[in-house]
Amino acid sequence: MVRRLAGTSATVTTDLLPPLTHNADARTYGSESPQAGGAEIGPAHAPTRGLHMITWGCQMNVYDSARMTDVLRPLGYAPVESASDADMIILNTCHIRDRAAEKVFSELGRLRLIKEERKADGRPTVLAVAGCVAQAEGEQILKRAPYVDIVLGPQTYHRLPEMVARAARAGGSVIDTDFPAEQKFDFLPEVAAPQTQGNVTAFLTVQEGCDKFCSFCVVPYTRGAEASRAVASVLAEARRMAESGVREITLLGQNVNAYHGEGPDGRIWGLARLAEALSSIPGLARIRYTTSHPRDMGDDLIAAHRDLPALMPFLHLPVQSGSDTILKAMNRGHTADEYRSLVEKLRTARPDIALSSDFIVGHPGETDEDFEATMALIRDVGFAQAYSFKYSIRPGTPAAGAPRQIAEAVKDDRLQALQALLREQQDAFNASVVGLTAPVLFTGRGRKPGQMVGRSPWLQPVHVDGPDTLIGVERPVRLDARFSNSLAGTLVKECAPT
Ligand code: SAM
Ligand code: SF4
């Protein structure tokens with residue numbers, strides 16, 4: 001039997017795939033646990049092949065896992081919660097953290113046992129490794145874990161059906177870690193409506209890859225060169241999401257504000273223009289974007305924060321360090337003062353904007369003075385939230401071979417001091433919104449009966465007592481109290497000026 005895949009030119013011989021089974025376990029995953037295995041499960045009792053997706057890393061990987069699920073759906077695959085029930089297991093990996101490859105091999109050891117148990121029961125399993133570790137390690141994965149059937153890099157997900165067929169046909173392993181000339185987005189099927197049905201918030205990847213080559217980072221090597229999706233394709237996906245009930249979209253990209261997609265007018269559109277077009281889609285109330293680079297924060301995007309109410313006043317703008325020497329060694333392309341003036345411009349354009357950032361402590365060559373400069377920048381800017389990491393070596397990146405690597409104990413001390421300051425600032429920011437009335441977009445039920453949870457404009461979870469009908473609705477809420485990771489509030493009738 002041969003099936004043609006919607007949206008691709010690939011033909012797949014389905015006779016060679018694991019047999020269709022009845023999956024009575026099928027169930028829908030909530031939007032609160034996007035890492036847990038995909039978004040949509042076919043109707044109970046539908047004939048399906050079980051697909052178990054394990055997603056590590058950033059939101060872009062969460063989005064990619066959903067797209068891989070879409071591309072496999074026409075072959076009869078639907079997500080299952082347990083790996084033991086899966087005819088196909090995909091481990092979607094992340095290379096950004098320390099010892100990423102070792103963690104992958106340890107997880108593969110666990111999955112191998114499941115694959116062997118299923119084989120003993122006469123149930124074959126296709127085991128695939130996707131994502132940035134797959135891209136970076138490639139052949140090495142097949143050498144160390146020969147029971148893996150498919151290794152695929154982030155740019156080849158649209159070819160997954162062909163790979164499944166090839167693996168079945170050859171009875172061996174298939175590897176595809178190309179950076180193909182074609183863009184995967186042009187070949188992936190449309191986001192399935194059930195994928196976002198019932199979800200109030202959704203991710204939408206608009207840009208991938210990076211040309212900036214920061215000294216410490218693997219992304220340019222694993223995700224390839226910067227590429228942007230065409231405007232029409234982004235708008236069409238956003239419209240479908242809005243029609244299925246999505247009210248808040250987060251645009252994703254490794255350098256999302258470097259977006260330069262071809263517009264319907266044949267010209268290149270930047271992120272500001274894209275955001276403006278998105279803000280006129282009926283039903284779409286909120287737009288966010290992440291992750292941005294300070295160098296790509298142009299005046300048009302800053303002005304968009306002033307002019308577009310749908311653009312939320314919360315921006316993740318990684319700075320990494322406050323020392324000019326280290327910023328130069330990192331190849332970041334800006335100084336600490338340039339970052340400070342960027343923040344000033346943003347705050348002038350949108351006075352209620354809150355900032356989040358990424359920091360690395362212990363980059364090779366970082367002295368006590370350099371670290372103090374980072375602490376000074378944090379004090380000057382004041383962050384609502386932040387992620388901070390100890391520098392860790394990524395083989396093949398310039399910083400990996402740099403002299404004056406920093407001792408672990410020194411990195412530990414610096415990270416502790418930095419995180420204490422950032423925690424203080426986060427607490428102060430959360431305290432500063434108590435007493436305000438702000439629009440909250442409700443996303444679902446809270447843990448307690450009669451409690452609903454939503455998001456403030458600054459991405460804080462907010463709990464109120466209220467009815468289920470609030471889900472998908474933005475309502476003014478008086479923010480009454482703060483807890484360590486959330487706020488509590490009361491619904492009010494009108495949104496008073498804050
Ligand atoms: N494109 C974003 C930017 O320019 O800041 C960052 C994307 S990167 C995937 C996410 C974060 O991981 C970085 O901002 C950085 O703080 C951290 N990171 C990346 N490589 C690292 C390394 N070798 N050691 C420690 N942290 C690292
Ligand atoms: Fe990595 Fe971001 Fe630097 Fe690109 S700009 S190399 S993604 S840290």
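The following exercises, each with a worked solution, concern a predicted model.

**Exercise 1. Determine the strand order of the open three-stranded sheet, and explain why two of its strands are edge strands.**

Solution.
Step 1. The strands are arranged in the order E10-E13-E16, and their pairing is parallel.
Step 2. Strand E10 (201–205) and strand E16 (286–290) each have a single partner strand, so one side of each lacks a neighbour in the sheet; these two strands therefore stand at the edges.
Step 3. On average, neighbouring strands of this sheet are turned by 25° against each other, direction ignored.

**Exercise 2. Describe how strand E13 pairs with E16.**

Solution.
Step 1. Strand E13 comprises residues 248–252, and five bridges join this strand to E16 in the parallel sense.
Step 2. At the level of residues, Thr 250 is placed opposite Arg 288 in E16.

**Exercise 3. State which strands helix H1 and helix H9 lie across, and at what angles they run.**

Solution.
Step 1. Helix H1, formed by residues 59–72, lies across E10, E13 and E16. The direction of H1 is at about 90° to E10.
Step 2. Helix H9, formed by residues 271–279, lies across E13 and E16. The direction of H9 is at about 155° to E16.

**Exercise 4. Characterise the surroundings of ligand 1, beginning with the residues that come nearest.**

Solution.
Step 1. There are 17 residues around ligand 1, of which Gln 254, Gln 320, Arg 332, Asp 358 and Ser 392 come nearest.
Step 2. By class, this shell contains seven nonpolar, five polar and five charged residues.
Step 3. Two strands, E18 (354–361) and E19 (385–390), each contribute at least two residues to the shell.
Step 4. Polar backbone atoms approach nitrogen atoms of the ligand: one from Gln 254 at 2.8 Å, and a backbone N or O atom of Ser 392 at 2.8 Å. A polar side-chain atom of Gln 320 is 2.7 Å from an oxygen atom of ligand 1.
Step 5. On its own, ligand 1 has 560 Å² of accessible area, and the protein covers 89% of this area.

**Exercise 5. Identify the residues that surround ligand 2 and classify them.**

Solution.
Step 1. The surrounding residues include the cysteines Cys 210, Cys 214 and Cys 217. Lys 212, Phe 213, Phe 216, Val 219, Pro 220, Asn 255, His 293 and Arg 332 also belong to the shell.
Step 2. Sorted by class, the shell around ligand 2 has seven nonpolar, two polar and two charged residues.
Step 3. Arg 332 appears around ligand 2 and is also among the residues that come nearest to ligand 1.

Conventions: Residues are numbered from 1 along each chain as its sequence is written. Chains are lettered from A and ligands numbered from 1 in the order in which they are written. This is a predicted model: local features need pLDDT of at least 70, side-chain atom pairs count only at pLDDT 80 or more; totals for chains, interfaces and linings use all residues. Side-chain values use heavy atoms; hydrogens and water are left out. Two strands pair if DSSP finds at least two bridges between them. Helices (H or I, at least four residues) and strands (E, at least two) are DSSP runs, numbered from the N terminus. Axes are lines fitted to C-alpha atoms, for helices over the stretch in contact, and angles run from 0 to 180 degrees between N-to-C directions. Contact means heavy atoms within 4.5 Å. A residue is near a molecule or strand if one of its heavy atoms lies within 4 Å of it. Ala, Val, Leu, Ile, Met, Phe, Trp, Tyr, Cys and Pro count as nonpolar, Asp, Glu, Lys and Arg as charged, and the others, Gly among them, as polar. A polar contact is a pair of N or O atoms within 3.5 Å; within protein, one must be able to donate a hydrogen and the other to accept it, and residues adjacent in sequence count only if both atoms are side-chain atoms. Accessible areas come from the Shrake-Rupley method with a 1.4 Å probe; for residues, only the protein chains shown count as cover.
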